[in-house]
Amino acid sequence: MSYGIIQVPRGRLKICAENGCIIRCGWTEEALRESEDPLIREMADQIRDYFLGIRTEFTVPCRPQGTDFEKKIWTCIAEIPYGRVATYGEIAEKAGHPGAARAAGRACGRNPCVIIIPCHRVVARHGDGGYTGGMKYKYALWKTEHIDRRRKGRKE
């Protein structure tokens, strides 16, 4: 496994790759660390472009490790368009598990590839929901995507 740590607005991200795929991307307090791995360098470039508003989707292969249920939820989360949000209940239903909003929320909280699998775009039915790394990160990502907290969608 190889990894690198990059600086982004509001913090640092640790990007880990194995067998030609990104397997983790998460917030960290660790010191910056450049990587010689071309896949990690490409992912880092794409994430920087995301924060600059140049990129709305990622093309680097991502293979997060989790249960079958978690992977199903993460696949549905990955389909939420840039600048939009969906509720935990909507994600659970789309994954074929209506009524499993809380389980979808737990899977969302276990997402090993933040930003790439945009769990920051998932909200509670009556609120902003949570965010494993802390709400300051979720709100920073919403700001990047121009998501209006009151309307739970992209500002027009």
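Leaving aside neighbours within four places in sequence, Thr 28 is in contact with Ile 5, Arg 12, Leu 13 and Lys 14. The model is a predicted one, and in it Thr 28 belongs to strand E3, which covers residues 21-28. This briefing begins with that strand and then turns to the helices, to a buried loop residue and to backbone angles.

**Strand E3 and its partner**

- Thr 28 has a relative accessible area of 13% and is therefore buried, since the cut-off for that class is under 20%.
- The side chain of Thr 28 also reaches the backbone nitrogen of Glu 30, at 3.0 Å.
- Burial extends along the strand: six of the eight residues of E3 are buried, so the strand is largely enclosed by the rest of the structure.
- E3 runs antiparallel to E2, and seven bridges join the two strands.
- Within this pairing, Ile 22 in E3 has Ala 17 standing opposite.
- E2 and E3 form a hairpin with two residues between them.
- Asn 19, in the turn of that hairpin, has a positive phi of about 50 degrees.

**Helices H2 and H4**

- Helix H2 spans residues 68-78, and its buried residues are Glu 70, Ile 73, Trp 74, Cys 76 and Ile 77.
- Seen down the axis of H2, these buried residues fall within an arc of 160 degrees, so they line one face of the helix.
- The elements covering the buried residues of H2 include H3, H4 and E5.
- In helix H4, residues 101-109, the buried positions are Ala 104, Ala 107 and Cys 108.
- The buried residues of H4 lie within an arc of 100 degrees when seen down the helix axis, so they too line one face of their helix.
- Cover for the buried residues of H4 includes helix H2, helix H3 (88-94) and strand E5 (122-123).
- H2 and H4 thus each appear in the cover of the other: H4 is among the elements over the buried residues of H2, and H2 is among those over the buried residues of H4.

**Val 60, a buried loop residue**

- Val 60 is placed in the loop between helix H1 (38-51) and H2.
- Val 60 counts as buried because its relative accessibility is 9%, which falls under the 20% cut-off.
- Apart from neighbours within four places in sequence, Val 60 is in contact with Ile 22, Leu 39, Glu 42, Met 43 and Gln 46.
- One of these contacts, Ile 22, is the E3 residue that stands opposite Ala 17.
- Gln 46 and Val 60 are 14 residues apart along the chain, and their C-alpha atoms are separated by 8.4 Å.

**Positive phi outside glycine**

- Most residues other than glycine have a negative phi.
- Arg 10 is not a glycine, yet its phi is positive, at about 80 degrees.
- Arg 10 lies in the loop between strand E1 (2-8) and strand E2 (11-18).
- With a relative accessible area of 54%, Arg 10 is exposed, because that class begins over 50%.
- Ile 115 is a residue other than glycine and has a positive phi near 70 degrees.
- The loop that holds Ile 115 is the one between H4 and E5.
- Ile 115 is buried, with a relative accessible area of 1%.
- The two loop residues therefore differ in their surroundings: Arg 10 is exposed, whereas Ile 115 is buried.

Technical notes. Residues are numbered from 1 along each chain as its sequence is written. Side-chain values use heavy atoms; hydrogens and water are left out. Helices (H or I, at least four residues) and strands (E, at least two) are DSSP runs, numbered from the N terminus. Buried means under 20% relative accessible area, exposed over 50%, partly exposed in between (1.4 Å probe, protein chains only). A polar contact is a pair of N or O atoms within 3.5 Å; within protein, one must be able to donate a hydrogen and the other to accept it, and residues adjacent in sequence count only if both atoms are side-chain atoms. Contact means heavy atoms within 4.5 Å. The arc is that of the directions from the helix axis to the C-beta atoms. Two strands pair if DSSP finds at least two bridges between them.
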